[in-house]
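Please look over the sequence and the model that follow, and keep both in view while reading this report on one helix and on pairs of charged side chains.

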Amino acid sequence: MTAMEQLYQQLILDHAKHPAHRGAQDAYDVEVHHVNPTCGDEVTLRVRLDAGDSGPVIGELTWTGQGCSISQASASVMSQAVSGRPVEAALALSDDFRELMDSRGVLPEKFAGDDLDESLEDAVAFVGVARYPARIKCALLGWAAMKDAVAQASAATDGEAR
């Protein structure tokens, strides 16, 4: 195992042991619950959207869940990465994470270099997970819940504006 792989593995374990944004906020627009039926991992996510200068912003996002360290660490990383960001930027980051998971363990060229930290932040640590197809769904669980919650919250907000 290379030094970089060890660093990434340690980052995943740290997020699993000390998850960011874990808990259930009281004020939220939408709550979603997602389950990975192949392994039983679960995540419940609450999101509140706030008005931003150029569109809605993820004002607060919290989650609770149970499952393997990969699913729980990925939910932690996702919540840290998207909280406070415009919805459009959070969804683009989710697409980048999906591309990373589709990479089969080889960091795509677009993430190489100085843009890496800015684009994926701690999520880049999951590049090694992409080598194990059975674990990809674990890593994507929280991200899929975020996309679902944001879509539902956006639809509710659009409905209120009419």
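In this predicted model, the buried residues of helix H1 are Tyr8, Ile12 and His15. Seen down the axis of H1, these buried residues fall within an arc of 65 degrees, so they line one face of the helix. An α-helix has 3.6 residues a turn, so residues three or four places apart point the same way. The face of H1 turned away from its buried side carries exposed residues, namely Ala3, Leu7 and Lys17. The length of H1 can be checked as well: its 15 residues, 3–17, should span 21 Å at 1.5 Å a residue, and the end C-alpha atoms are indeed 21 Å apart.

Charged side chains give a second topic, since side chains of opposite charge can pair when their charged atoms come close. The count of salt bridges comes to five, and the table lists three of them, including the pair Arg46 and Glu31.

| Salt bridge | N to O distance |
|---|---|
| Arg46 and Glu31 | 2.6 Å |
| Arg48 and Asp50 | 2.9 Å |
| Asp95 and Lys147 | 3.5 Å |

The pair of Asp95 and Lys147 links distant parts of the chain, as Asp95 lies in helix H3 (residues 87–101) and Lys147 in helix H5 (residues 133–161), 52 residues apart. Asp95 is partly exposed at 45% relative accessibility, and Lys147 is partly exposed at 35%. Salt bridges that share partners also join Arg48, Asp50 and Glu60 into one network.

Is Arg46 buried or exposed? With a relative accessibility of 18%, Arg46 counts as buried, because the cut-off for buried is under 20%, whereas its partner Glu31 is partly exposed at 40%.

Conventions:
Residues numbered from 1 in each chain as written. Predicted model: local features only at pLDDT ≥ 70, side-chain atom pairs only at ≥ 80, totals over all residues. Heavy atoms only, no water. Helix = DSSP H or I, 4+ residues; strand = E, 2+ residues; numbered from the N terminus. Expected span 1.5 Å × (residues − 1). Buried < 20%, exposed > 50% of the residue type's maximum accessible area, 1.4 Å probe, protein only. Arc of directions from axis to C-beta. Salt bridge = Lys/Arg side-chain N within 4 Å of Asp/Glu carboxyl O.
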